[in-house]
Amino acid sequence: MEVIHWCWVVVGVVMGWCWYKSIKNKAKEEGSGVPRGNPGWPVIGETLDFIASGWSSRPVSFMEKRKSRYGKVFKTNILGKPVIVSTDPEVNKVVLQNIGNIFIPAYPQTITEILGESSILQMNGSLQKRVHALLGGFLRSPQLKARITRDIERYVKLTLDSWKDQHIVYVQDEVRKITFDVLVRVLVSITPGEDLNFMKREFAEVIKGLICLPIKLPGTRLYKSLKAKERLLKLVRRVVEERKAAMDRGDHETLKGPPNDAVDVLLRDTGDSSETSRLSLDFISSNMIEMMIPGEETLPTAMTLAVKFLSDCPVALNQLMEENMELKKGKALSGEDYAWTDYMCLPFTQNVINETLRMANIINAVWRKAVKDVKIKDYLIPEGWGVMASFTSIHMDEENYENPYQFNPWRWEKAASVNNNNSYTPFGGGQRLCPGLELSKLEISIFLHHLVTTYRWVAKKDDVVYFPTVKMRKKLPITVTPLPPL
């Protein structure tokens with residue numbers, strides 16, 4: 001009993017000291033311009049409230065509650081670390097545009113463990129700018145869009161054709177068959193077959209460990225994911241080595257003409273023309289795996305939620321169908337193939353995509369860490385503190401969007417340009433703006449076009465889950481009815 005008594009005494013002293021320190025730090029911070037807020041409980045801070053809101057049907061409730069109490073920028077404590085949370089578009093813009101000299105990426109330990117030290121997500125400075133520019137230029141190029149449009153059409157049509165014989169179609173699973181295959185082709189030119197099937201299995205294991213307990217003991221989720229990455233890396237490294245060997249031999253097809261995929265782009269780059277500035281094969285291989293994430297998670301989620309939102313808004317679905325039927329009839333009469341510009345020039349289709357991305361909030365925030373004291377507007381962000389620039393809060397704020405929880409594609413007919421709107425950041429922003437955003441929109445456009453001109457569907461009731469990642473609870477089951485041919 002005496003031992004228990006002294007244990008409680010020690011706990012009381014520790015709790016008291018933590019409380020004293022928090023009060024002392026609070027007084028110091030309030031006088032220095034640090035945003036107001038509540039650090040929460042010792043050690044865990046407000047982590048439990050933050051996670052609980054992610055499990056709810058209103059994931060911005062954590063932000064809304066504190067924003068109403070402390071303002072658009074506030075301090076909190078998540079996962080044992082002090083964090084400044086911004087729901088202010090102007091503050092977020094500064095955070096996104098200042099990378100390296102003021103802010104550096106700061107993500108949970110499991111993400112950094114799996115992606116590795118050379119991850120594009122975490123690199124800074126000239127190397128990040130160089131790789132981002134190389135990949136962005138390739139993914140935005142008209143040559144790639146023209147070529148990949150035919151591949152996307154083929155994958156979409158094959159997948160949709162298989163739905164005729166399915167009693168229930170689970171949209172979330174089906175669209176992954178399209179997006180992952182397309183992205184792997186763009187990155188490493190691996191086509192359907194044994195290698196692609198292996199990559200799908202292993203990558204599914206890798207991605208499960210991105211958000212989990214940071215324990216690497218055998219049998220744990222993180223351990224399994226790291227082992228899966230080792231196996232996947234072995235395959236991708238083999239592809240990269242074979243391509244490099246072909247270049248060294250002076251293979252004409254490998255050296256001439258536009259690059260076939262992202263591996264070609266990175267292998268051909270010479271930096272400042274010295275051998276030491278070339279990107280290593282390990283670097284290229286590892287980052288090809290990281291860039292597969294959109295094909296497994298973000299893009300299929302966006303496509304699934306587009307079907308969900310359209311199912312709940314028949315007026316929008318009818319207008320989308322009319323616009324796309326007009327294009328399909330025109331192509332049937334002319335006998336011409338579709339060009340990528342045909343899909344991207346459908347105005348209401350683009351409005352539907354913009355609204356889906358606003359409401360989906362697949363990338364809900366970015367995490368940064370201040371490398372020195374920095375003042376933005378009237379807010380001081382101390383050196384070493386984390387910064388979470390929340391996109392979800394801005395996308396669902398009534399000050400930025402009227403009736404933000406209502407799916408309303410027509411709002412984009414009068415909205416400011418998507419490219420110059422600080423209140424619309426589904427792909428991030430600044431130097432780390434997603435290099436594949438145009439390709440992602442093209443793929444969604446092609447999928448929606450062929451879906452609404454091929455089938456009518458009825459969606460069964462399903463709910464969106466927002467934690468740890470955005471997805472449908474039941475994978476969005478639908479029943480489809482084929483449309484008569486034109």
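Trainee: What makes the contact between Asp151 and Arg185 a salt bridge?

Mentor: A salt bridge requires a side-chain nitrogen of Lys or Arg within 4 Å of a carboxyl oxygen of Asp or Glu. The side chains of Asp151 and Arg185 meet at 2.9 Å, N to O, so the pair satisfies that definition. Please note that this is a predicted model, in which local features need pLDDT of at least 70 and side-chain atom pairs count only at pLDDT 80 or more, while totals for chains, interfaces and linings use all residues. Residues are numbered from 1 along each chain as its sequence is written, and side-chain values use heavy atoms, with hydrogens and water left out.

Trainee: Which parts does the pair of Asp151 and Arg185 tie together?

Mentor: Asp151 belongs to helix α7 (residues 142-162) and Arg185 to helix α8 (residues 171-188), so the salt bridge joins parts that are 34 residues apart in sequence. Helices here are DSSP runs of H or I with at least four residues, and strands are runs of E with at least two, numbered from the N terminus.

Trainee: Why does Asp151 count as buried, and why does Arg185 count as partly exposed?

Mentor: Buried means under 20% relative accessible area, exposed means over 50%, and partly exposed lies in between (1.4 Å probe, protein chains only). Asp151 has 6% relative accessibility and is therefore buried. Arg185 has 21% and is therefore partly exposed.

Trainee: How do you know that Asp88 and Lys377 form a salt bridge?

Mentor: Their side chains meet at 2.8 Å, N to O. Asp88 lies in the loop between β2 (81-86) and α4 (89-97), and Lys377 in the loop between β6 (374-376) and β7 (379-381), so the pair ties together parts that are 289 residues apart in sequence. Asp88, at 5% relative accessibility, counts as buried, whereas Lys377, at 46%, counts as partly exposed.

Trainee: How many salt bridges does the structure hold?

Mentor: The structure holds 34 salt bridges. One of them joins the side chains of Glu46 and Arg66 at 3.1 Å, N to O, and both of these residues are buried.

Trainee: Why is helix α10 called oblique to helix α13?

Mentor: The axes of α10 (residues 221-248) and α13 (residues 281-290) come within 9 Å and cross at roughly 125 degrees. Axes are lines fitted to C-alpha atoms, for helices over the stretch in contact, and angles run from 0 to 180 degrees between N-to-C directions. Angles under 35 degrees count as roughly parallel, over 145 as roughly antiparallel, 65 to 115 as roughly perpendicular, and the rest as oblique. The crossing angle therefore makes α10 oblique to α13.
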